[in-house]
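This report goes through a single-chain model with its ligands. The metal site comes first, followed by the other ligand, the cysteines and the overall fold.

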Amino acid sequence: MQCCVETRELQHSFAGNQPVIDQVSLQVPYHSIYAFLGPNGAGKTTTLRLLTGLLPRQGGEINLFGKALDKNRASLLRQTGTMIESPSIYGHLSAADNLQVWYSYFRCRDYRI
Ligand SMILES: Nc1ncnc2c1ncn2[C@@H]1O[C@H](COP(=O)(O)OP(=O)(O)OP(=O)(O)O)[C@@H](O)[C@H]1O
Ligand SMILES: [Mg+2]
């Protein structure tokens with residue numbers, strides 16, 4: 001199965017405490033809608049932070065589009081859109097100016113704004 005997101009035995013702990021992510025292996029197929037459910041504190045947000053490189057990987061593997069996140073982070077993130085918990089927008093900018101900021105990150109064509 002071709003996966004756009006794949007983790008193998010992902011592991012993470014904060015400040016050397018017990019792992020909050022323990023041996024998590026995910027396979028998200030291309031062209032799918034995937035729901036990642038769990039009770040409060042289960043580790044959903046932590047997993048998403050790991051998948052986007054916002055937290056450094058401690059153990060296990062993370063592949064996006066078949067490539068290792070560690071070695072290809074900038075190019076892989078340019079191919080993804082992510083919103084974790086709340087949107088990162090600048091409240092003092094217009095919608096178009098906010099999109100202009102994103103446009104510079106993603107290097108897409110500005111006619112799309
Ligand atoms: N920065 C942090 N430092 C220490 N512990 C943390 C930190 N972030 C999260 N945790 C702990 O890690 C565990 C997983 O938290 P996480 O936020 O990933 O859960 P969640 O599944 O997203 O929960 P929720 O449904 O409430 O959003 C929790 O026990 C939480 O208290
Ligand atoms: Mg959360």
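## Metal site

The magnesium ion (ligand 2) is coordinated by OG1 of Thr-45 and OE of Glu-85, at 2.0 to 2.6 Å. Thr-45 belongs to helix H1 (residues 44-51), while Glu-85 sits in the loop between helix H2 (73-78) and helix H3 (95-106), so the pair ties together parts that are 40 residues apart in sequence. Glu-85 counts as exposed, because its relative accessibility of 62% is over the 50% cut-off. The model is predicted, and these values are computed from its atoms.

## Surroundings of ligand 1

Both metal-coordinating residues, Thr-45 and Glu-85, also appear in the shell around ligand 1. The rest of that shell consists of Phe-14, Val-20, Pro-39, Asn-40, Gly-41, Ala-42, Gly-43, Lys-44 and Thr-46. By class, the shell has 4 nonpolar, 5 polar and 2 charged residues.

Oxygen atoms of ligand 1 make polar contacts with Asn-40, Gly-41 and Thr-46. The table gives the part of each residue involved and the distance.

| Residue | Protein atom | Distance to an oxygen atom of ligand 1 |
|---|---|---|
| Asn-40 | side-chain N or O | 3.1 Å |
| Gly-41 | backbone N or O | 2.8 Å |
| Thr-46 | side-chain N or O | 2.6 Å |

On its own, ligand 1 has 640 Å² of accessible area, and the protein covers 55% of this.

## Cysteines

How many disulfides does the model have? The count comes to 0. For Cys-3, the nearest cysteine sulfur is that of Cys-4, 7.1 Å away. A disulfide requires the two sulfur atoms to be within 2.5 Å, so Cys-3 is in no disulfide. Cys-4 is likewise in no disulfide, its nearest cysteine sulfur being that of Cys-3 at 7.1 Å.

Are these two cysteines buried or exposed? Cys-3 has a relative accessible area of 9% and is therefore buried, the cut-off being under 20%. Cys-4 is buried as well, with a relative accessible area of 14%.

## Overall fold

The chain contains 3 helices and 5 strands. Read from the N terminus, the order of elements is β-β-β-α-β-β-α-α. The C-alpha trace spans about 45 × 35 × 25 Å along its principal axes. The chain has 113 residues, of which 25% count as buried; Cys-3 and Cys-4 are in the buried class, whereas Glu-85 at the magnesium ion counts as exposed.

How values were computed. Residues are numbered from 1 along each chain as its sequence is written. Chains are lettered from A and ligands numbered from 1 in the order in which they are written. This is a predicted model: local features need pLDDT of at least 70, side-chain atom pairs count only at pLDDT 80 or more; totals for chains, interfaces and linings use all residues. Side-chain values use heavy atoms; hydrogens and water are left out. A residue is near a molecule or strand if one of its heavy atoms lies within 4 Å of it. A polar contact is a pair of N or O atoms within 3.5 Å; within protein, one must be able to donate a hydrogen and the other to accept it, and residues adjacent in sequence count only if both atoms are side-chain atoms. Accessible areas come from the Shrake-Rupley method with a 1.4 Å probe; for residues, only the protein chains shown count as cover. Ala, Val, Leu, Ile, Met, Phe, Trp, Tyr, Cys and Pro count as nonpolar, Asp, Glu, Lys and Arg as charged, and the others, Gly among them, as polar. Donors are N, O and S atoms within 2.8 Å of the metal (3.2 Å for Na, K and Ca); water is not among the atoms, so sites may look incomplete. Helices (H or I, at least four residues) and strands (E, at least two) are DSSP runs, numbered from the N terminus. Buried means under 20% relative accessible area, exposed over 50%, partly exposed in between (1.4 Å probe, protein chains only).
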